[in-house]
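Reader: I'm new to reading protein models. Could you walk me through this one with a few questions and answers?

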Amino acid sequence: MLETRGLTKNFGGLCAVNNINITVEPDEIVGLIGPNGAGKTTVFNLLTGFLRPTKGSILFEGMDITSLKPHAITRLGLVRTFQLVRILPEFTVARNMIAASHLHPKIGLWEAIFNTSGYRRKEKEILAGLGEILELVGLTEVKDVLAQNLPYGHQKKLGIAMALATKPRLLLLDESLSGMNPAEVENALGIIDLIRKRGTAILLIEHNMQAVMSICDRLYVINFGTEICRGLPDEVKQDKQVIEAYLGSGKKHA
């Protein structure tokens with residue numbers, strides 16, 4: 001489904017991502033992990049068109065998407081969340097979901113501006129279609145609550161729900177568990193597994209190693225922008241380079 005070939009990004013004299021080659025198969029959950037500053041989010045920015053690679057290429061379902069704009073990549077079905085919550089705080093959960101589904105428009109601009117009866121009818125139809133997603137992430141009961149009034153864990157889940165509203169085939173999750181308490185993490189892992197079972201492949205960045213080891217089929221580990229290990233979770237956690245990268249300072253990364 002996804003393949004990178006020699007993906008490289010330089011910022012001036014700094015090589016942030018160096019010759020990264022990763023693949024994601026359909027229905028797979030793959031982890032991209034490494035210490036803080038390893039280059040993981042830069043990889044996500046390259047995959048989704050927010051940055052252009054210095055060298056290398058990106059293929060999505062066999063199509064070269066290296067030079068495409070972010071909106072075009074999203075329209076193809078490669079969709080991401082962000083490390084920092086990106087929601088519309090003064091909109092309700094339901095309105096956030098409607099806004100996120102704009103890539104599959106059914107509502108005209110003037111209908112929305114003048115709040116016509118046609119707009120209100122279509123809004124109800126869209127919400128009905130999004131109800132399954134809200135139920136999946138556990139936000140049905142708060143659909144009329146302003147996003148800014150949600151607990152942080154719920155805001156993170158809303159970010160995932162908004163990504164799902166764009167109908168992704170491959171979902172990139174950037175630290176979607178950060179800031180959650182243990183109960184919220186367990187709940188979020190269940191949601192991620194359900195997303196995979198619905199037929200959406202997942203590539204995730206995450207610092208919660210216990211969660212990563214429990215949910216991922218395969219892992220890639222990068223450090224200073226370069227891959228140092230790949231394999232099954234049990235293989236990766238025993239790799240000497242991985243242990244050194246995470247514990248070399250004498251402290252575990254969160």
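Reader: Which strand holds R80, and is R80 buried or exposed?

Author: Keep in mind that this model is predicted. R80 is found in strand 7, residues 78-80. Its relative accessible area is 9%, and buried means under 20%. So R80 in strand 7 counts as buried.

Reader: With which side chains does the side chain of R80 make a polar contact?

Author: Apart from neighbours within four places in sequence, R80 is in contact with several residues, including T41, F44, N45 and D174. A polar contact of 2.5 Å links its side chain to that of N45. Another polar contact, at 3.4 Å, goes to the side chain of D174. The names you want are N45 and D174.

Reader: Where do the buried residues of helix 7 lie, seen down its axis?

Author: Helix 7 covers residues 182-197. Its buried residues are V185, A188, L189, I191, I192, I195 and R196. Seen down the axis, these fall within an arc of 160°, so they line one face of the helix.

Reader: And which residues are exposed on the other side of helix 7?

Author: Look across from the buried residues, which include V185 and L189. On that other side, the exposed residues are A183, E186 and K197.

Reader: In strand 11, what is the bridge partner of Y220?

Author: Strand 10 (residues 218-223) pairs with strand 11 (residues 226-231) in the antiparallel sense, over five bridges. The hairpin they form has two residues between the strands, and F224 there has a positive phi near 50°. Across the pairing, the partner of Y220 in strand 11 is R230.

Key. Residues numbered from 1 in each chain as written. Predicted model: local features only at pLDDT ≥ 70, side-chain atom pairs only at ≥ 80, totals over all residues. Heavy atoms only, no water. Pairing = 2+ DSSP bridges. Helix = DSSP H or I, 4+ residues; strand = E, 2+ residues; numbered from the N terminus. Buried < 20%, exposed > 50% of the residue type's maximum accessible area, 1.4 Å probe, protein only. Polar contact = N/O pair within 3.5 Å; in protein donor to acceptor, adjacent residues only side chain to side chain. Contact = heavy atoms within 4.5 Å. Expected span 1.5 Å × (residues − 1). Arc of directions from axis to C-beta.
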